[in-house]
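Student: I am new to this structure. Please take me through one part of it closely, residue by residue.

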Amino acid sequence: MYFSDLPKDPVMLYSYLNTKLRDHYPSLSALCEDMQVEEQEILAKLEPMDFHYDKERNQFR
């Protein structure tokens, strides 16, 4: 999967990533490596919506 294949809408992306993190990945970096996407691209897409990755909870909040 590439970044262009991820949901375009930030709210949908937020939900999609949190589901993937909860069910399949121990960290955002593991998700990004497996899905071959740049972590900074995801963070940049979600930051304007005030969604930030919480490492301790392994989720966006």
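**The aromatic residues and the core around them**

Tutor: Start with Y53, which is buried, with a relative accessible area of 19%. The cut-off for buried is under 20%, so Y53 falls on the buried side. Keep in mind that this is a predicted model.

Now look at the ring partner. Y53 forms an aromatic pair with F60. The two ring centres are 5.4 Å apart, and the planes stand at 55 degrees. That pair is tilted. F60 is buried as well, with a relative accessible area of 1%.

How many aromatic pairs are there? The count is 2. The other one joins Y14 and F51. Their ring centres lie 3.9 Å apart and their planes meet at 15 degrees, so this pair is stacked. Planes under 30 degrees apart count as stacked. Y14 belongs to helix α1, residues 10-23. F51 sits in the loop between α3 (39-46) and β1 (53-54). The pair therefore ties together parts that are 37 residues apart in sequence. Y14 is partly exposed, at 23% relative accessibility. F51 is buried, at 16%.

Go back to F60 and list what surrounds it. Setting aside neighbours within four places in sequence, F60 contacts Y14, L17, N18, L21, L28, I42, L43, L46, F51, H52 and Y53. That list includes Y14 and F51, the residues of the stacked pair. It also includes Y53, the tilted partner.

F60 is part of a wider group too. The largest nonpolar core has 15 residues. Those touching the most other members are L17, L31, I42, L46 and F60. Elements giving two or more residues to this core are α1, α2 (28-35) and α3. The largest share comes from α2, with 4 residues. As background, nonpolar side chains tend to be buried together in soluble globular proteins.

Next, see how the helices meet. α1 and α3 pack at an angle of about 130 degrees, and their axes are 9 Å apart. That makes α1 oblique to α3. On the α1 side, the contact uses P10, L13, Y14 and L17. On the α3 side, I42, K45 and L46 take part. So Y14, the stacked ring, also serves in this helix contact. α1 passes α3 in a left-handed crossing.

α2 and α3 also pack, at about 115 degrees with axes 9 Å apart. Here α2 is roughly perpendicular to α3. L28, S29, L31 and C32 come from α2. E39, I42 and L43 come from α3. Notice I42: this residue appears in the α1 contact and again in the α2 contact.

H52 deserves a look of its own. H52 lies in the loop between α3 and β1. At 38% relative accessibility, H52 is partly exposed. Not counting residues up to four places away in sequence, H52 touches E47, Q59, F60 and R61. From H52 to L31 the C-alpha distance is 15 Å, with their places 21 residues apart in sequence.

Finish with two backbone details. N58 lies in the loop between β1 and β2 (59-60). Its phi is near 50 degrees, a positive value in a residue other than glycine. N58 is buried, at 13% relative accessibility. Q36 has a positive phi too, about 55 degrees, and is not a glycine. Q36 is found in the loop between α2 and α3.

Methods
Residues numbered from 1 in each chain as written. Predicted model: local features only at pLDDT ≥ 70, side-chain atom pairs only at ≥ 80, totals over all residues. Heavy atoms only, no water. Phe/Tyr/Trp six-rings, centres within 6.5 Å; stacked < 30°, edge-to-face > 60°. Buried < 20%, exposed > 50% of the residue type's maximum accessible area, 1.4 Å probe, protein only. Core = buried A, V, L, I, M, F, W, Y, C linked by side-chain atoms within 4.5 Å. Contact = heavy atoms within 4.5 Å. Axes fitted to C-alpha atoms, helices over the stretch in contact; angles between N-to-C directions. Parallel < 35°, antiparallel > 145°, perpendicular 65-115°, else oblique. Left-handed = near helix turned anticlockwise from the far one by under 90°.
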